[in-house]
Amino acid sequence: MKSKRMIKQITAVLLSMSMFVLSLQSAAVRAAMVSTDTQIQVEQQNYDREQIMRITGSDEAKEVLLSLGVSQEDVEARVANMTADEIAEFNKQINEMPAGASSALGVILVIFVILIVLDLLGATNIFPVIKPIGR
């Protein structure tokens with residue numbers, strides 16, 4: 001009689017422990033609906049970011065950036081920190097260039113302007129000569 005009672009108690013403890021562990025796992029997992037538009041925007045931003053990195057990763061672009069005193073690591077960090085609007089504007093400017101005119105120099109100039117604007121806003125400090133607005 002005692003052994004049956006002990007088995008029931010052990011079984012009850014094991015079941016309650018397993019229920020507790022399962023409840024912890026289910027609390028950590030949350031699913032939400034992701035709209036198609038949201039997923040398309042995320043994928044487009046990733047594609048645009050990769051496109052910018054491909055352009056700035058060319059040997060010609062690297063040479064121009066280095067001559068301006070901007071390292072490849074700085075460019076990668078800035079592109080990673082660009083907002084969706086900045087990426088869209090950058091790619092819009094690239095796509096609006098006439099055929100054959102999208103040389104590395106034009107791309108570098110656009111990047112250079114973006115870096116200057118980010119320095120003026122105080123988001124970066126690449127060019128020590130440029131003081132942020134409001135300081």
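**Exercise 1. State the accessible surface of the chain and the share of carbon and sulfur atoms in that surface.**

Solution. The accessible surface, computed by the Shrake-Rupley method with a 1.4 Å probe, comes to about 10,100 Å², and 62% of this surface belongs to carbon and sulfur atoms. Turning to burial, where buried means under 20% relative accessible area, exposed over 50% and partly exposed in between (1.4 Å probe, protein chains only), buried residues make up 21% of the 135 residues in the chain.

The model is a predicted one, in which local features need pLDDT of at least 70 and side-chain atom pairs count only at pLDDT 80 or more, while totals for chains, interfaces and linings use all residues. Residues are numbered from 1 along each chain as its sequence is written, and side-chain values use heavy atoms, with hydrogens and water left out.

**Exercise 2. Describe the elements of the chain and the confidence attached to them.**

Solution. Begin with the count: the chain has six helices and zero strands, taken as DSSP runs numbered from the N terminus (helices H or I, at least four residues; strands E, at least two). Next comes pLDDT, the predictor's confidence in each residue from 0 to 100, which has a mean of 78 over the chain, with 87% of the residues reaching 70 or more. Among the elements, helix α2 (residues 36-56) has the highest mean pLDDT, 85, and helix α6 (residues 104-121) the lowest, 78.

**Exercise 3. Identify the residues with which L120 is in contact, leaving aside its neighbours within four places in sequence.**

Solution. First locate the residue: L120 lies in helix α6, and L120 counts as partly exposed because its relative accessibility is 32%. With contact meaning heavy atoms within 4.5 Å, the partners of L120 are I130, K131, P132 and I133. For P132, 12 residues away along the chain, the C-alpha atom is separated from that of L120 by 4.3 Å.

**Exercise 4. Give the share of contacts in the chain, at a separation of 6 or more, that comes from residues 24 or more positions apart.**

Solution. Take the contacts with a separation of 6 or more as the whole; residues 24 or more positions apart then account for 53% of these contacts.
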